[in-house]
Amino acid sequence: MSKNSKNNEAKLYSRKTLLTFPVRDIEITKGMSTNQLIDQFFRSGGFTAKKLAVAVNILEKMLGMKNVTKFLSFPACIISTGTRGVIRELIKRRLFDIVITTCGTLDHDIARTFREYYHGSFMLDDEKLHEININRLGNVLIPTENYGDITEDFMQKLLTDLYHSGNKELSTYELSWEIGKRLNENSILYWAAKNKIPVVIPGITDGAVGYQLWLFTQTHPDFRINILKDEQLLNDTIWESNETGALMIGGGISKHHTIWWNQFKDGLDYAVYITTAPEWDGSLSGARMREAVSWGKVKGDAKYITVEGDATVLLPLIVAALLERLVEKE
């Protein structure tokens, strides 16, 4: 280690530098706003509460920058829950420029537009549920007719209409828009189509909608989904962006596709990642944002944080605080 490095480390680990901000107790008061609670989370200094507050601060700065292209990625599972409404609000308000998600998001958004999902329990007997045609997603119950059946009816009519209108090749974001045009205001895809926000599905075949695409090609072999058109959109967006930022909820293909493309502009400038996955198994889902720095997918001097916890709890808190701050600035 060089002399300068030792001096810098000594300054970083000096008592004067480290002992700067005292831990303050959270004080809950009647009528407290979400934003006031988040501010107290920050002053509390401890564990996930402070991380959540830092995430809100990073996102507030990112959303306030006009020259930043903003990515939103998430897995389909949360769209089966009421958290769908939080995602819908982000798209409705045009707070993000590009969405990257999984095929199940299309499935659940279609199904829940027309049919109900129900409260359940993690502890129900799954064999018995299968016998009565109820699917369990965590503690959410999905009757078969409210998922597979409604998705098949909807998609086969949509694909037939597209095909006969001469539209035989689409990217996944174009398919998402076509779906959204046929849904209502409760739908995420409706607002994505209305606001022309691309919804990219890298793993388009991995879900009910993907299966219906395959099924349609059995009688219409010249119909195609062109995923390379999605990649061209991402490429063009990255190269035309001055800076980029991302809110990434959960891992897997959605998260990786977001950080993968951003490596080609030397990494994200802003990044907030919410995950429940452990780091020690080496998975992409468990990898913290600091690991992405080593790959050049997040800049070393970027504003970034990983927040551990359930997105169905954390995301509504984050978005509620952000919306309060945005209203205050109007």
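**Figure 1. Helices α6 and α11 cross roughly perpendicular to each other in this predicted model.** Here we look at α6, residues 103-114, and α11, residues 208-217. Their axes come within 6 Å and cross at roughly 95 degrees. Angles of 65 to 115 degrees count as roughly perpendicular, and α6 and α11 are therefore described that way. On the α6 side, the contact is made by C103, L106, D107 and I110. On the α11 side, look for A208, V209 and G210. Sorted by type, the residues of this contact divide into five nonpolar, one polar and one charged.

**Figure 2. Strands β3, β5 and β4 form an open sheet, in that order.** The pairing in this three-stranded sheet is antiparallel. If you trace the sheet from side to side, β3 and β4 are the edge strands, each pairing on one side only. Strand β3 covers residues 118-119 and is joined to β5 by two bridges. Strand β4, residues 134-137, pairs with β5 over four bridges.

**Figure 3. Residues of β3 and β4 stand opposite partners in β5.** A handy place to begin is L141 in β5, which has Y118 opposite. L141 is also the bridge partner of R136. One residue along, I142 in β5 stands opposite N135.

**Figure 4. A hairpin links β4 and β5.** Two residues lie between the two strands. One to find in the turn is G138, which has a positive phi of about 65 degrees. The strands on either side of this turn, β4 and β5, pair in the antiparallel sense.

**Figure 5. The side chains of β5 point two ways, and all are buried.** Strand β5 runs over residues 140-143. V140 and I142 point one way, while L141 and P143 point the other way. Which residues of β5 are buried? V140, L141, I142 and P143 all are, whichever way they point.

**Figure 6. The whole chain, for orientation, holds 15 helices and eleven strands.** Along its principal axes, the C-alpha trace spans about 70 × 45 × 45 Å. How does the radius of gyration fit with a compact globule? With 330 residues, such a globule would have a value near 20 Å, and the chain has 22 Å, which agrees. Of the 330 residues, 46% count as buried. Among contacts between residues at least 6 apart in sequence, 71% join residues at least 24 apart.

Note on methods. Residues are numbered from 1 along each chain as its sequence is written. This is a predicted model: local features need pLDDT of at least 70, side-chain atom pairs count only at pLDDT 80 or more; totals for chains, interfaces and linings use all residues. Side-chain values use heavy atoms; hydrogens and water are left out. Axes are lines fitted to C-alpha atoms, for helices over the stretch in contact, and angles run from 0 to 180 degrees between N-to-C directions. Angles under 35 degrees count as roughly parallel, over 145 as roughly antiparallel, 65 to 115 as roughly perpendicular and the rest as oblique. Contact means heavy atoms within 4.5 Å. Ala, Val, Leu, Ile, Met, Phe, Trp, Tyr, Cys and Pro count as nonpolar, Asp, Glu, Lys and Arg as charged, and the others, Gly among them, as polar. Buried means under 20% relative accessible area, exposed over 50%, partly exposed in between (1.4 Å probe, protein chains only). Two strands pair if DSSP finds at least two bridges between them. The radius of gyration is taken over C-alpha atoms; the globule rule is 2.2 Å times the number of residues to the power 0.38.
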